[in-house]
Amino acid sequence: MKYWRLINLDRYPIDAAGVSRDEAVIAARKELAKDGCAVLKGFLSEEGISAMVAEAETVAERAHRSFTRTNPYFTEDDPLLPKDHPKRQFFDRSNAFVPADNFTADGPLRTIYNAPGFDWFVRDCLQEENFHRYADPLADVIINAAEEGPGFPWHFDTNNFTVTIAIQNAEAGGAFEYAPNIRAGDENFDDVSNVLNGTSDKVKSINLEPGDLQLFRGRYSLHRVAPLKGKRPRYVAIVSYVEEPGMVATPERARQLYGRALPIHYERAGLRADALID
Ligand SMILES: O=C(O)CCC(=O)C(=O)O
Ligand SMILES: [Fe+2]
């Protein structure tokens, strides 16, 4: 596949230095500075969207499903806190991640990821100093295939930013909702509580459409994917970058999210153990 047919290069000329590329970067930076979220509408072409839907449908059955109950902080319950504290609010979460080794080099997802200028463009928008591709062969590019159900409940991300490409929406529901910078100063548990119980006026809602590229700083902004309805699954591609070169997941995390771990996960974990002994 040819990247120039999949990406809307007229609007986002990521592969060519010049004024229109710079304008796209500046527009995204402005959105990110405002509330930590930039949506680059129509990043993919119509052909790009169809190719991504077709690829998602082909690999969806290979998704690894996992179910957890989680609070917004991904921490354990703390029985010393009052019952209504946000750290004690647990929600059902179901995940179905298609691991990265299901995406071939000539398929649309990897063609977009490997498009000349793609990494550089994303990095330039986010203005990140330390920016490397995730070296995890199960997780550098994945698809989240979400079916009817609770969506992805309220949480703060543990990573600095997330890069996603919307592929297909559910029949109903699935809005991306977020409370911008709600804990940028302190933890702000009162406001967080209001979001969790549905009484906050600080929540923004966006409807991502197939082909949109989203850059989101989720560490300080409480967010969720609203409950999903209908037979059609919601497909989102997630492209991962990290702060240090060569990083991979721990074997435990790989098994939890992708259902298996590879020799590289064990090797790295072993190396780390050796380093500790030294
Ligand atoms: O599926 C999405 O749109 C984003 C989900 C999310 O918040 C995350 O992966 O941390
Ligand atoms: Fe998130």
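**Exercise 1. Place proline 116 in the fold and decide whether this residue is buried, partly exposed or exposed.**

Solution. Begin with the secondary structure: proline 116 sits in the loop that runs between α4 (108–113) and α5 (118–126). As this is a predicted model, the values that follow are computed from its coordinates. The relative accessibility of proline 116 is 40%, and the residue therefore counts as partly exposed, since that class lies between the limits of 20% and 50%. Next, look for partners that are distant in sequence: leaving aside residues up to four places away, proline 116 touches Tyr3, Ile14 and Asp15. For tyrosine 3, the separation from proline 116 is 113 residues in sequence, while their C-alpha atoms are 8.5 Å apart in space.

**Exercise 2. Identify the protein donors of the iron ion (ligand 2) and state which parts of the chain they bring together.**

Solution. First list the donors, which are His155 through NE2, Asp157 through OD and His223 through NE2, lying 2.1 Å from the iron ion (ligand 2). Their spacing along the sequence can be written H-x1-D-x65-H. Then assign the two histidines to elements: histidine 155 belongs to strand β6 (residues 152–155) and histidine 223 to strand β12 (residues 222–225), so the pair ties together parts that lie 68 residues apart in sequence. As a last step, check accessibility, where both histidine 155 and histidine 223 turn out to be buried.

**Exercise 3. Find which residues of helix α6 are buried, and which elements are among those that cover them.**

Solution. Helix α6 spans residues 189–196, and its buried residues are Asp191, Val192, Ser193, Val195 and Leu196. The cover over these residues includes β3, β6, β9 (176–179) and β12. Just after the helix, glycine 198 adopts a positive phi of about 80°.

**Exercise 4. Describe the surroundings of aspartate 212 and of asparagine 144, one after the other.**

Solution. Aspartate 212 is found in the loop between β10 (204–206) and β11 (213–216), and with a relative accessibility of 3% this residue counts as buried. Its side chain makes a polar contact of 2.5 Å with the side chain of lysine 41. Beyond four places in sequence, the residues that aspartate 212 touches are Val39, Leu40, Lys41, Gly42, Phe43, Thr164, Ile165 and Ala166.

Asparagine 144, for its part, lies within strand β5 (residues 141–146). Its relative accessible area is 9%, which means that asparagine 144 is buried, the limit for that class being under 20%. Among the residues that asparagine 144 touches beyond four places in sequence are Asn95, Ala96 and Phe97, and also Arg234, Tyr235, Val236 and Ile238.

**Exercise 5. Characterise the interface between domain 1 and domain 2, going from its extent to its polar pairs.**

Solution. The protein chain divides into domain 1 (3–247) and domain 2 (249–278), whose centres, taken over C-alpha atoms, are separated by 25 Å. To the contact, domain 1 contributes 15 residues and domain 2 contributes twelve residues. The two domains bury about 1,100 Å² between them, of which 56% is on carbon and sulfur atoms.

Turning to the polar part, there are six residue pairs in polar contact between the domains, counting pairs with both residues at pLDDT 80 or more. The rule finds one salt bridge across this interface. On the side of domain 1 that touches domain 2, β2 (64–70) and β3 (91–98) each supply at least two residues, and the largest share, three residues, comes from β2.

Definitions and conventions: Residues numbered from 1 in each chain as written. Chains lettered and ligands numbered in written order. Predicted model: local features only at pLDDT ≥ 70, side-chain atom pairs only at ≥ 80, totals over all residues. Heavy atoms only, no water. Helix = DSSP H or I, 4+ residues; strand = E, 2+ residues; numbered from the N terminus. Buried < 20%, exposed > 50% of the residue type's maximum accessible area, 1.4 Å probe, protein only. Contact = heavy atoms within 4.5 Å. Donors = N, O, S within 2.8 Å, 3.2 Å for Na, K, Ca; no water. Polar contact = N/O pair within 3.5 Å; in protein donor to acceptor, adjacent residues only side chain to side chain. Domains from an automatic or database assignment. Buried area = accessible area lost by both parts, 1.4 Å probe. Salt bridge = Lys/Arg side-chain N within 4 Å of Asp/Glu carboxyl O.
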